[in-house]
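Student: I have a structure to look at and do not know how to begin. Can we go through a few features in turn?

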Amino acid sequence: ADVYDIGNHHLPSAPRARLGEALARICGGSLRYSVFAASGSEANDIAIKTARRATGRRRIVSLEGSYHGHTGLCLAAGDVRNAQYFLSDGPPTEFVQLPFNDLDAMANALRGGDVAAVLLETIPATYGFPMPRPGYLSGVKTLCEETGALFVADEVQTGLGRTGRMWAIEGYGVEPDILVTGKGLSGGMYPIAAAVLS
């Protein structure tokens, strides 16, 4: 920390390049490209913007009572009370929130083939840390694949070994299209987060 500064996230940095390589190794599979940000909120915004650009769709599905940060798009995807407080509640056609562990509701939301991404905390932290039912996350991933939506795993709070695995999503046998990490990424020494993309 005395020698390196991660620096401006838009300019080249050898330490940041090594961090990107390390994230590609520990994420595995098709998750190979890291886009860095200063916070988990911004990394979730990057995930949403990337999903919209990649799919050409606008709708984002998330969970009732979820938390993805307090900036821009991720605020609209989070708990509606927070979004309304900051006048960030988007049109209901763009941000849809569903009950946790409800695959039927998820299937209905994705049926139209117009969803860019499903943004989920693997274990919803601010919702009280309920555990996903067996088959729920893999079922969501299957629905995403069938309808062309991207699966975004928000691992800002649950990632980097906090559940006994590097990523909580690994415990459910699901490979997301985008994985968002933050908090533990710098051990509290520097504001950094990342959206790791396929």
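**Reading a helix, some loops and the cysteines**

Tutor: The buried residues of helix α2 are Gly40, Ser41, Ala43, Asn44, Asp45, Ile46, Ala47, Ile48, Ala51 and Arg52. Keep in mind that the model is predicted.

Student: What general idea helps in reading such a list?

Tutor: An α-helix has 3.6 residues a turn, so residues three or four places apart point the same way. In this structure, Ala43, Ala47 and Ala51 are among the buried residues of α2.

Student: How many residues does α2 have, and how far does the helix reach from its first C-alpha to its last?

Tutor: Helix α2 covers residues 40–55, which is 16 residues. Its end-to-end reach is 22 Å, close to the 22 Å expected at 1.5 Å a residue.

Student: What phi does Gly56 take, just after α2?

Tutor: Gly56 has a positive phi of about 75 degrees.

Student: Which residue that is not a glycine has a positive phi of about 60 degrees?

Tutor: Phe129 does, and it lies in the loop between β4 (115–121) and α6 (136–147). Leu160, also a residue other than glycine, has a positive phi near 60 degrees. Leu160 sits in the loop between β5 (150–154) and β6 (178–181).

Student: Why does Leu160 count as partly exposed?

Tutor: Because its relative accessibility is 25%, and partly exposed runs between 20% and 50%.

Student: How many disulfides does the structure hold?

Tutor: Zero. As for individual cysteines, Cys27 counts as buried because its relative accessibility is 14%, under the 20% cut-off. Cys144 is buried too, with a relative accessible area of 0%.

Key: Residues numbered from 1 in each chain as written. Predicted model: local features only at pLDDT ≥ 70, side-chain atom pairs only at ≥ 80, totals over all residues. Heavy atoms only, no water. Disulfide = S-S within 2.5 Å. Buried < 20%, exposed > 50% of the residue type's maximum accessible area, 1.4 Å probe, protein only. Helix = DSSP H or I, 4+ residues; strand = E, 2+ residues; numbered from the N terminus. Expected span 1.5 Å × (residues − 1).
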